[in-house]
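Welcome! Here is a short, friendly tour of a protein model and the spaces inside it. Please take a look at the structure before reading on.

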Amino acid sequence: MKIKKVDTFILHAPVTRGGIADSLHSISHWGAPGVAIHADNGLIGYGFSGTHAHLPTDRLITDCICDSYGPLLLDKDPRETRGIWQLLHNNSPIMWVGRASIPHLALGAIDIALWDLKAKSADQPLWRLLGGSPKQVEAYNTDGGWLNWPLQQLLDDCKRLVEVNGYRAVKIKIGSDNPVDDLKRVEALRNTLGPNIRIMTDVNGRWNLAQALQYGGRLADFDITWIEEPLRFDDIDGHSRLAASISTPVALGEQLYSASDFRNFIQKHALHYVQPDVCRLAGITEWWQVAELAHAYGLPVVSHVGDMAQVHLHTAIAHPACSLLEYIPWLSNWMKYPVKPSDGYYEVPTEPGAGTEPTPEAFEAIGVKTR
Ligand code: 0YR
Ligand code: MG
């Protein structure tokens, strides 16, 4: 089996109710800049990253895939996922200028496409190729808790997710201009949902250590499952001091690019829940390394879903450190085999591949020109 052609694509999928916000970003679309890798036997593997759908930025990713990595992929056997990863990561000219950011995201999309191709050529869902057995992975829902939702809407949405859709865990965004308002929203939600539903909170890196100690400390009053990215993303020492000082567990990882970044945070006891993302790390290959590392330390892995859980469901089924996975529905209309949470648990996918194949309608309706 040999790689014959490397094509790129960009999808811009509308988000819920036309626009969502967290403490740092307001977005109207979720971006999926990606790659279609064609093999000589007719199979195509798909992989993509997750972005805020900014076209010039997404094009940097697809250009990097085409021009910097593409020539290195031709005529390789796509099943050699590890060997190709090593080659692209260690021996490509682009790595001289960037071991993180654009080149890393581009490599992630390629790695995912290679795994999709490998699973399709084995005629197996990815989770089985990774050695997994069918497993119930619980879904927690982030899509009722955006920072731009007025309080009543947040309460109504989260209540509906619990009472109608069967979720037992929801995440809400905090880190607004006034931390006292954040605590009021958390308290109101706890009162609405009662004591038996798990509530996660996400600051998206907005607080400094003083705010995180003061206001993060008070989250314990509402029995919060975790505080996510309380401080700026790379602050290992700050997260480590916070994690030792408050009783609410610390979760992070969606902004960490490499397995060695995770090693540094884990060694400093700077987090309790490990949140790698195949779209931010260089794909499934590096995600697996992080999951193994976390597992060796006894830490739970709850992936951040830049892929809208299409790939992460497979890795969560396969990896023993995973029992819970975020759910956001923004790509569910556009994937050939969308992930389906039902009554708060993901259904186990049975189709061959990594779950990353867009529908033909997706390219028509939400595809934008790569260059
Ligand atoms: C919107 N999930 C996150 C979205 C999400 C962000 O900017 O990208 O909230 O990545 O923090 O936990
Ligand atoms: Mg987050």
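In this predicted model, a polar atom in the side chain of D202 sits 3.0 Å from an oxygen atom of ligand 1. D202 has company, since K173 and E254 also bring polar side-chain atoms to the ligand. The points below start with ligand 1 and then turn to the cavities.

**Contacts with ligand 1**
- For K173, the distance from a polar side-chain atom to an oxygen atom of ligand 1 is 2.7 Å.
- For E254, an N or O atom of the side chain is 2.9 Å from an oxygen atom of ligand 1.
- With the protein in place, 96% of the 320 Å² of accessible area that ligand 1 has on its own is covered.

**The shell around ligand 1**
- There are 14 residues around ligand 1, and those that come nearest are D22, K171, K173, N204 and H304.
- By type, this shell holds seven charged residues, four polar ones and three nonpolar ones.

**Where ligand 1 lies**
- Ligand 1 takes up the space of the largest pocket.
- Why does ligand 1 lie between domain 1 and domain 2? Both domain 1 (3-124) and domain 2 (128-346) give residues to its shell, so the ligand lies between them.

**The largest cavity**
- How many cavities of 30 Å³ or more does the structure hold? There are two.
- The largest cavity has a volume of about 90 Å³.
- Its lining is made up of 14 residues, and H314, Y337, A354, G355 and T356 are the ones that lie nearest its centre.
- Sorted by type, the lining of the largest cavity has five nonpolar, five polar and four charged residues.

**The second largest cavity**
- The second largest cavity offers about 30 Å³ of space.
- The residues that line it are E229, F233, H239, L252, G253, Q255 and L256.
- In this lining, three residues are nonpolar, three are polar and one is charged.

Methods
Residues are numbered from 1 along each chain as its sequence is written. Chains are lettered from A and ligands numbered from 1 in the order in which they are written. This is a predicted model: local features need pLDDT of at least 70, side-chain atom pairs count only at pLDDT 80 or more; totals for chains, interfaces and linings use all residues. Side-chain values use heavy atoms; hydrogens and water are left out. On a 1 Å grid over the protein atoms alone, a cavity is a set of points where a 1.4 Å probe fits but cannot get out, and a pocket is an open set with protein on both sides within 12 Å along at least five of seven lines; lining residues have an atom within 4 Å of a point. Grid points are joined across faces, edges and corners, and a volume is the space filled by probe spheres set on the points. Ala, Val, Leu, Ile, Met, Phe, Trp, Tyr, Cys and Pro count as nonpolar, Asp, Glu, Lys and Arg as charged, and the others, Gly among them, as polar. A residue is near a molecule or strand if one of its heavy atoms lies within 4 Å of it. A polar contact is a pair of N or O atoms within 3.5 Å; within protein, one must be able to donate a hydrogen and the other to accept it, and residues adjacent in sequence count only if both atoms are side-chain atoms. Accessible areas come from the Shrake-Rupley method with a 1.4 Å probe; for residues, only the protein chains shown count as cover. A molecule sits in a cavity or pocket if more than half of its atoms lie within 2 Å of its grid points. Domain bounds come from an automatic or database domain assignment.
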